[in-house]
Amino acid sequence: MTSLRARLLAAVLAIAAVGLLALAAITYVEQRSFQYSRIDDTAREGAPAVAGALAQRGIGEHDEPAEGRHDGGPPRGGGPGVGLPAGTYGQLLRSDGDVLGDVVFDYGQNVTAAPKIPSKLELGEPATVSGRGRDDNRYRVLATPLGHGEVAVVAVPLAEVDRTLNQLVLVEGLVIVGILLVLAAAAWVVVRVGLLPLDRIGHTAGRIAGGDLSHRVEGADERTEVGRVGVALNRMLDRLEQAFSERRASEDRLRRFIGDASHELRTPLASIRCIAFSTSFGSRAWACWSRTC
């Protein structure tokens, strides 16, 4: 059986841990949703860059969708791929699914990308896919219609998002552990101070079990639960001590009565013993005289 102090401390830490874990989970989910939403926006806005990059290689009907142009200038962002993270993969498809071409935005960093593009993608619906072969990255894929029966597929790597989320999990774990340690120390002090009256009651009970009925619980305050227990114990001890005193007094009176009675009966008993002896001796003497005669 564990002590009350240990059970209270465990309960406080368990409740705090559940609350902190719930808070950490909500924070993680919200941050993940925010990061994925940002990546989805990047993939959606990267469709013009994919069209422009492939148009420079003579692939596709136009360099960007109509909504990506502004006054007949270059694609938004200052050129193909600007604003997309390194390692972004782009693909141009026909409406029937035939691949017209693909491109990797590496910005001269010699970055490779090989995401597993699903054979069927819902237009405008982002999806998370893994890499092929030695590519262990994950990607957020989004298909955007361009017109002329063409579809631009943009796969943005999630490496930066994964690092951010992993860092968030690490920080949350360290913070939770730190908070629980500090809370454990504070709760131990609070519980120890709060249970001091119970310790005093236990000490008093031990003294009483040893025979000291005059000992009482000190500092008992009726305004607290433990204090009321101490007050009740003191009252019980008063009654017990009074009862034992009355018992001792009764025993003392009984002893005195027995002593007085034995003293008063000592002389009559001696007389009876003497008479009995005399009577017995006279009877024996008469019997002897009769036999002699």
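Good morning. I shall begin with helix H3, in which Val161, Asp162, Leu165, Leu168, Glu172, Ile176, Ala184, Ala187 and Val191 are buried. Please bear in mind that this is a predicted model. The cover over these buried residues of H3 includes H1 and S4. As for its dimensions, H3 has 36 residues and reaches 51 Å from its first C-alpha to its last, which is close to the 52 Å expected at 1.5 Å a residue.

An α-helix has 3.6 residues a turn, so residues three or four places apart point the same way.

H3 also contributes to the surface. Trp188, Val189, Val193 and Leu196 form a nonpolar patch there, with about 360 Å² of accessible area together. H3 supplies the largest share of that patch, 3 residues. Valine 193 lies in this helix. Is valine 193 buried or exposed? With a relative accessible area of 52%, valine 193 is exposed, because the threshold for that class is over 50%.

I turn now to the interior. The largest nonpolar core has 22 residues, and those with the most contacts inside it are Val50, Leu54, Val103, Phe105, Leu146 and Val161. Two or more residues each come from helix H1 (4-45), helix H2 (47-55), strand S2 (99-105), strand S4 (138-147), strand S5 (150-157) and helix H3 (159-194). H2 gives the largest share of this core, 6 residues. Apart from this core lies another, of 10 residues, including Tyr89, Tyr139, Ala143 and Ala155.

Finally, consider valine 50. Leaving aside neighbours within four places in sequence, valine 50 is in contact with Gly90, Gln91, Val103, Phe105, Val153 and Val154. Thank you.

Technical notes: Residues numbered from 1 in each chain as written. Predicted model: local features only at pLDDT ≥ 70, side-chain atom pairs only at ≥ 80, totals over all residues. Heavy atoms only, no water. Core = buried A, V, L, I, M, F, W, Y, C linked by side-chain atoms within 4.5 Å. Buried < 20%, exposed > 50% of the residue type's maximum accessible area, 1.4 Å probe, protein only. Helix = DSSP H or I, 4+ residues; strand = E, 2+ residues; numbered from the N terminus. Contact = heavy atoms within 4.5 Å. Expected span 1.5 Å × (residues − 1). Patch = residues over 30% accessible without salt bridge, like charges linked within 9 Å, V, L, I, M, F, W, Y side chains within 5 Å. Areas by Shrake-Rupley, 256 points an atom, 1.4 Å probe, with all protein chains shown as cover. Salt bridge = Lys/Arg side-chain N within 4 Å of Asp/Glu carboxyl O.
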